[in-house]
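Biologist: Please choose one part of this model and look at it closely, asking which of its residues face inward and what lies over them. Then please follow the surrounding elements outward, so that a first-year student can place that part within the whole chain.

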Amino acid sequence: MPRRTKSSPSEAPLAPIPSEILDQFVGHGPLTPEELDAVARRVNKAIIERALGGELTHHLGYVRGGVKPEYTPNPRHGTTGKTVLTDDGPLALEVPRDRAGTFEPRLIGKHERRFTGFDDKVIALYARGLTVREIQAFLGEMYGVEVSPDLISTVTDAVVAEVTAWQARPLEPMYPVVFFDALRVKIRDEAVVRSKAVYLALAVLPDGSRDVLGIWIEQTEGAKFWMKVFADLQTRGCADILIAVTDGLKGMSEALAAVYPATTLQTCIVHLLRTSLDFANWKERKPLAAALRPIYTAASADAALLVLDDFERGPWGVRFPTVVAAWRRAWTHVIPFFAFPPEVRRVIYTTNALESVHSQLRKIIKTRGHFPNDEAATKLLWLALRNITATWVRGARTWKEAMNQFAILYADRFTTPTTPTA
């Protein structure tokens, strides 16, 4: 039996407009696209002006042309011309006013020059990577609206408060897994364009869903920077992280031990494999990857070490001693991987989930030469993240098995997610 699709509220049928009203605007003959656009603008103008008139009527207490109270200290006082930027271009309106000047319309407030929806459209274009100049050109070509770069910057700057609130929002008390990784972004700093590291933390919640905990732009190097990041997470309510997965970030182990001493620091296995394959040419990469596979698929840390010793003595180890050295340098943060069952290993095996986010962010920022400051970079990255995370609806299909293992391994620390009641 075919499934019946549910209709959303936006698909609900609209009440028809009487034919007499349509005849006044459309008539009976054919319309060109330009004429249809002009009709739509006339309708919008009439509706907005009628709504503003209704607001003034409510404010004064009597209808236009109706019987006035005996003593009216604040009567109507004509209209004022005002051009407002709308989704369909500039619209010239006649805004009613009162003599005392106490009327403040809510539909289009005093001193407002942009109608609801215009700002959202500008922000949507900005979030998809268009520069201020490109947005200016787009609005001019599509809607015939001439806006200044300062106006576009003002519109996009309106999200700064939202970014600040998001960066300071309360966090969950415990996260089973948090992935940390960096994205390189060019930012102007003291009249010099520098390639700064922008760090993101992608957390897996107890129910398997994902959340980006924050954006941090590196101002200092090493442990000092990570102390600031972990202190921020702790201040916002994150009391415990079971496993932190990284790519050997400098100073992280020391800072993590100071703030979250019970957290297991795990090196991303896939990052280590990619580093190893960088030493080989294209033809040798596939067989080299096959030779390394028995190391990270071993049943235990001792078995993995024996395989690594055999690899070092074998032909691959002789040919690529740098690969062996890379694994031995990272071995301290590799071996925690072998203490976990396969269900957990699949979760912490790689930071690909965060790298996928980085890949989408790079597509957005690649058209920009550099950002004028840290705030501009954070603003665009947050807008892009808002679009990316909007498609995240649920956790991975294999999370339930991993969740059971987390509950066994971390019985006193893992908090089982609760299902909200209706």
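**A close look at helix 18**

Modeller: The cover over the buried residues of helix 18 includes strand 3, strand 4 (192–204), strand 6 (240–246) and helix 15 (342–348). This is a predicted model, and the description that follows should be read as such. Helix 18 spans residues 399–409, and its buried residues are W399, A402, M403 and F406. Seen around the helix axis, these residues cover an arc of only 105 degrees, and therefore they sit on the same side of helix 18. The face turned away from that buried side carries exposed residues, K400 and I408. Helix 18 thus offers a clear exercise for the viewer: find W399, A402, M403 and F406 on the buried side, then turn the helix to find K400 and I408 on the face that points away.

Two of the covering elements, strand 3 and strand 4, lead to the next place to look. The loop between strand 3 and strand 4 contains E190, and A191 is found in that loop as well. What is notable about the backbone here? E190 has a positive phi of about 55 degrees although it is not a glycine, and A191, also not a glycine, has a positive phi of about 65 degrees. As background, most residues other than glycine have a negative phi. Both loop residues also reach the surface of the model. E190 has a relative accessible area of 69%, above the 50% limit, and so is classed as exposed. A191 counts as exposed too, at 64% relative accessibility.

Charged side chains come next. D189, R194, K196 and D374 are linked in a network of salt bridges. In total, the structure holds 13 salt bridges. One of these joins the side chains of D211 and R169, with a distance of 3.0 Å from N to O. D211 belongs to strand 5 (residues 210–217), whereas R169 is in the loop between helix 6 (160–167) and strand 3 (174–189), so this pair ties together parts that are 42 residues apart in sequence. Strand 3 therefore appears again, here as one boundary of the loop that holds R169. The two partners differ in how they are covered: D211 is partly exposed, with a relative accessible area of 25%, while R169 is buried, with a value of 17%. Because the limit for a buried residue is under 20%, R169 falls below it and D211 does not.

Two further salt bridges can be set beside this one. In the first of them, E312 and R328 meet through their side chains at 2.6 Å, N to O. This pair links distant parts of the chain, as E312 lies in helix 11 (residues 301–313) and R328 in helix 13 (residues 321–329), 16 residues apart. Both partners are partly exposed, E312 at 35% relative accessibility and R328 at 33%. The other salt bridge is formed by R236 and D232, whose closest N and O atoms are 3.5 Å apart. R236 is buried, with a relative accessible area of 8%, whereas D232 counts as partly exposed at 22%.

Two cysteines may also be examined. C238 counts as buried, at 0% relative accessibility, and C268 is likewise buried, with a relative accessible area of 0%. A disulfide is a covalent bond between the sulfur atoms of two cysteines. With a cut-off of 2.5 Å between cysteine sulfur atoms, the count of disulfides comes to zero.

It remains to place helix 18 in the whole. The protein chain comprises 18 helices and seven strands. Of its 422 residues, 41% are buried. Among contacts with a separation of 6 or more, 64% are between residues 24 or more positions apart. The chain exposes about 24500 Å², of which carbon and sulfur atoms supply 56%.

How confident is the predictor in this chain? The mean pLDDT is 80, and 81% of the residues reach 70 or more. Over residues 1–10, however, the pLDDT is below 50, and beyond near neighbours in sequence this stretch has one contact in the model. Where pLDDT is low, the predicted coordinates should not be read in detail.

Key: Residues numbered from 1 in each chain as written. Heavy atoms only, no water. Salt bridge = Lys/Arg side-chain N within 4 Å of Asp/Glu carboxyl O. Helix = DSSP H or I, 4+ residues; strand = E, 2+ residues; numbered from the N terminus. Buried < 20%, exposed > 50% of the residue type's maximum accessible area, 1.4 Å probe, protein only. Contact = heavy atoms within 4.5 Å. Areas by Shrake-Rupley, 256 points an atom, 1.4 Å probe, with all protein chains shown as cover. Arc of directions from axis to C-beta. pLDDT = per-residue confidence, 0-100.
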